[in-house]
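Dear colleague,

I am passing on to you the structure that we spoke about, together with its sequence. Please have a look at it first, and then read the notes below it.

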Amino acid sequence: MLRNVAFGVLLVWAASASAEPWKMHVIDNSSRGADGVKLADINGDGRLDIATGWEEGGRIGLCLQPPVHRIREAWPSVTVGKVKSPEDAFFADVNGDGQLDLVSCCEGKEQAIYLHLAPADPKRIPHASAWKTELLTDSRDKTRWMFGTAVNFDADPASELFCGSKNPHGQIGWYDISADDPSAARWHPIGPAGWIMSLLQVDVDGDGDLDLVYSDRKDARRACWFRLNPRDGSDPAGWAEGVIGGKDSEVMFLSAADANADGRIDFVCPIKGGSFEIYLNRGLCDSEPIFETVRIAFPEKTGTAKCAKLADLNLDGQLDLVASCEHAERKYGVFWMSGQIPESGEEPVRFAFHEISGNEHGVKYDLVELLDLDADGDLDLITCEERDNLGVIWYENPTR
């Protein structure tokens, strides 16, 4: 049942407090078409590393975060595998050995998922020859794979792979990986999909377990959805499903945050050609969460928003809205807005626009991650850009 209340927010623009773009640093620009950034500490050094699929270059890349005194240099990188049309790359322990591996999702004519097995010795991770690539056999020619993430539904030490695709034959589901032969994993469908943008595992209903969340941008199932974990070990295909927001809209990358400090998980998502939507979690009704939608207009002279996150960038104690865009030719492709996130849509809200990327370079940006890379106490921004081939990059927050 759909229980979602929508409010429109009048956006009153304030002058920008940021007169210049943030300084950009190149992490890796050694291939073409960087498409996404996923973070994990793969070598156990306490620093988060980056997995990226290079769509045009056919490269699955791993960037190893260096010590802070070298953070502004290009990061050491390794090609862990070469595949066609990679759309996503993410971390998962696919063989249960306690060492993270990489998984790539391919669309186009390739339509397959590949497992990139890391060497058991972390010291050999920087060496491409130490990696082994295997086809996940059951994924071949099934659908156009778009996005994936590691989840854990059972006590098996190996990860399950929660994956989504786009039409034709679009679907979401999971692979139950066996440590004995991960390439022989079988597909467990959960439901149909038009074009999956995001897959998350978060506690939506506050009962202490992890639920499934996803955004679907195309066709009959356009919306942001949840499936509630009943804590009985059952197949997620039978979990109760409901709409978070964005029904019948072209929703893009979805991210989770506690937007109003009430202890419940909220979400933020851009609507292509529309507005930013914040889905405020109002608690449970008949055991299902209720969400209230607050809409915030896109600022002028920006691309169409692709990813949005909520975080405190200027250290004023309030969450800011951070966004990346595509279609940003001579427009602002990465920016942030400061202001008070509304509790409802009944009052005008004053926001200030701040550039991050500037408007001279960059066309198609993707996922955003926020991390204090230079250890100065504020959050820097990691993303990638695939049309001007800026590659995997980070922007240095000037707050401190």
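The notes that follow deal with one sheet and with two pockets.

Please keep in mind throughout that this is a predicted model.

The sheet is an open one of four strands, which run in the order β16-β17-β18-β19 with antiparallel pairing. Its edge strands, each of which pairs on one side only, are β16 (196-202) and β19 (240-245), and from one strand to the next the twist averages 20°. Between β16 and β17, the latter spanning residues 211-216, there are six bridges in the antiparallel sense, and L199 is found opposite Y214 in β17.

The largest pocket holds about 530 Å³ of space. It is lined by 27 residues, of which K38, T149, L199, L200 and E369 are the closest to its centre. Strand β16 gives five residues, the largest share of this lining, while the other elements that give two or more include β4 (34-40), β8 (86-92) and β12 (144-151). By class, the lining of the largest pocket consists of 20 nonpolar, four polar and three charged residues.

The second largest pocket has a volume of about 300 Å³, and of the 22 residues in its lining the closest to the centre are D35, E87, M146, W195 and K306. At least two lining residues come from each of β4, β8, β12 and β16. Here the lining has 14 charged residues, along with seven nonpolar and one polar.

With kind regards

Technical notes: Residues numbered from 1 in each chain as written. Predicted model: local features only at pLDDT ≥ 70, side-chain atom pairs only at ≥ 80, totals over all residues. Heavy atoms only, no water. Pairing = 2+ DSSP bridges. Axes fitted to C-alpha atoms, helices over the stretch in contact; angles between N-to-C directions. 1 Å grid on protein atoms, 1.4 Å probe; cavity = no way out; pocket = protein on both sides within 12 Å on 5 of 7 lines; lining within 4 Å. Points joined across faces, edges and corners; volume = space filled by probe spheres on them. Nonpolar A, V, L, I, M, F, W, Y, C, P; charged D, E, K, R; others polar.
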